Amino acid sequence: MKTTARWIRFLLWVAVFLFFSRQGISWAQPVMYEGNQLLDDLRFHQWATIRKPSVILTYPPRLADQATIIADEAEKTAREFQTNWGWQIKRPVHIYLFPDRSSLRKRFGWEPGTSASGVYYAGSIYLLNPDCWMNQTVSLKEDPWQWRRIFHSQGPLHHEFAHLYLDRLTKGNFPRWYTEAFAQWVEYRTLGYEWRTKDNDLRFHRPYSYRDLDRSFDRLPNQALAYRESFLFFRYMVQTAGHEQIDRFHRMLAEGIPFDDAWRQCFGRPVEQSFDQWLKQS
Ligand SMILES: [Zn+2]
């Protein structure tokens, strides 16, 4: 009896270790992602699919016209990432297209009012039907070319692929602010897009500290400001340290070196000091 209890305790410790440790997460990650994708395939088994070499798009059959363009654009984005970042996509990326805001909300159990045009989660990409955020400014039937142009330049594909790339490369070895910084920077570089509102203008708002961003990114009340700061800080690092150094940093994260240690080795000072340096000159 005593031995059984000890075994149970031991196994519990192993489970806790696997769940919380960085090593544990990187071992468990492929299994969790595989499970998530199997569940989604089951959930949406009545939907249709388009298969391309790098992506598999699952969508409700009535969105066939949107799906054709989205699958095309997604394949192009995946290829761009492979060329620009030397990334080999070994297994096609699963993308799910949701017909409206409420179905996307239901998938993630979000509160009413929460919405997004795209989500990266556990190895897959989830997209909201672009007609929902285009707000009838353009009709796919009447002007498919213009629809595609808007989806390409304002759609969430580059942002979500950036999350996917970083996650697959480093197996999640980064804090939340960093992946949002990187994804926004990719959008900025490829599409020239920046998220700017009066809520995140640093001239009128007191900035969050690095500690705030690092510890509670998703819980900060002014999300626009949190996103803006992370993006500007990352852009400053690219401008001052250079792309090669960022690449080197990502390779170190991929090797499993803890984020703060890799930063210090790559950029010569703790992250918080780099952040304060950026803040001082901004
Ligand atoms: Zn994001």
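**Exercise 1. What distance separates the centres of domain 1 and domain 2, taken over C-alpha atoms?** Then describe the contact between the domains from the side of domain 1.

*Solution.* Keep in mind that this is a predicted model.
- Step 1. Set the bounds. The domain assignment gives domain 1 as 19-162 and domain 2 as 174-281.
- Step 2. Take the centres over C-alpha atoms. They are 25 Å apart.
- Step 3. Count the contact residues. Domain 1 brings 6 residues and domain 2 brings 8 residues.
- Step 4. Locate those on the side of domain 1. Helix H2 (22-43) and H7 each supply at least two residues there. H7 gives the most, with 3 residues.
- Step 5. Sort the domain 1 side by character. It divides into 1 nonpolar, 4 polar and 1 charged.

**Exercise 2. Place strand E2 (residues 55-59) among its partner strands, and tell its two faces apart.**

*Solution.*
- Step 1. Start with E1 (residues 48-51). E1 and E2 pair in the antiparallel sense over 4 bridges. The two strands form a hairpin, with 3 residues between them.
- Step 2. Find a bridge. Ile50 has Leu57 of E2 as its bridge partner.
- Step 3. Turn to strand E3 (residues 93-98). E2 and E3 pair in the parallel sense over 4 bridges. Here Ile56 stands opposite His94 in E3.
- Step 4. Trace the connection. E2, helix H3 (residues 64-85) and E3 make a β-α-β unit, and this unit is left-handed.
- Step 5. Separate the faces. Val55, Leu57 and Tyr59 make up the covered face of E2. Ile56 and Thr58 make up the uncovered one.
- Step 6. Combine the steps. Leu57, the bridge partner of Ile50, belongs to the covered face. Ile56, opposite His94, belongs to the uncovered face.

**Exercise 3. Ala122 has a positive phi although it is not a glycine. Where is Ala122 found, and how many other C-beta atoms lie within 10 Å?**

*Solution.*
- Step 1. Read the angle. The phi of Ala122 is about 45°.
- Step 2. Place the residue. Ala122 is in the loop between strand E4 (118-121) and strand E5 (124-128).
- Step 3. Count neighbours. Ala122 has 15 other C-beta atoms within 10 Å, so it is partly exposed.

**Exercise 4. Repeat the analysis for Lys171, also not a glycine.**

*Solution.*
- Step 1. Read the angle. Lys171 has a positive phi of about 50°.
- Step 2. Place the residue. Lys171 is in the loop between helix H7 (157-170) and helix H8 (176-191).
- Step 3. Apply the cut-off. A residue is buried if 20 or more other C-beta atoms lie within 10 Å. Lys171 has 19 C-beta neighbours inside 10 Å, so it counts as partly exposed.

Notes:
Residues numbered from 1 in each chain as written. Predicted model: local features only at pLDDT ≥ 70, side-chain atom pairs only at ≥ 80, totals over all residues. Buried ≥ 20, exposed ≤ 12 C-beta atoms within 10 Å, placed from the backbone. Pairing = 2+ DSSP bridges. Right-handed = clockwise from strand over helix to strand, strands pointing away. Domains from an automatic or database assignment. Contact = placed C-beta atoms within 7 Å. Nonpolar A, V, L, I, M, F, W, Y, C, P; charged D, E, K, R; others polar.
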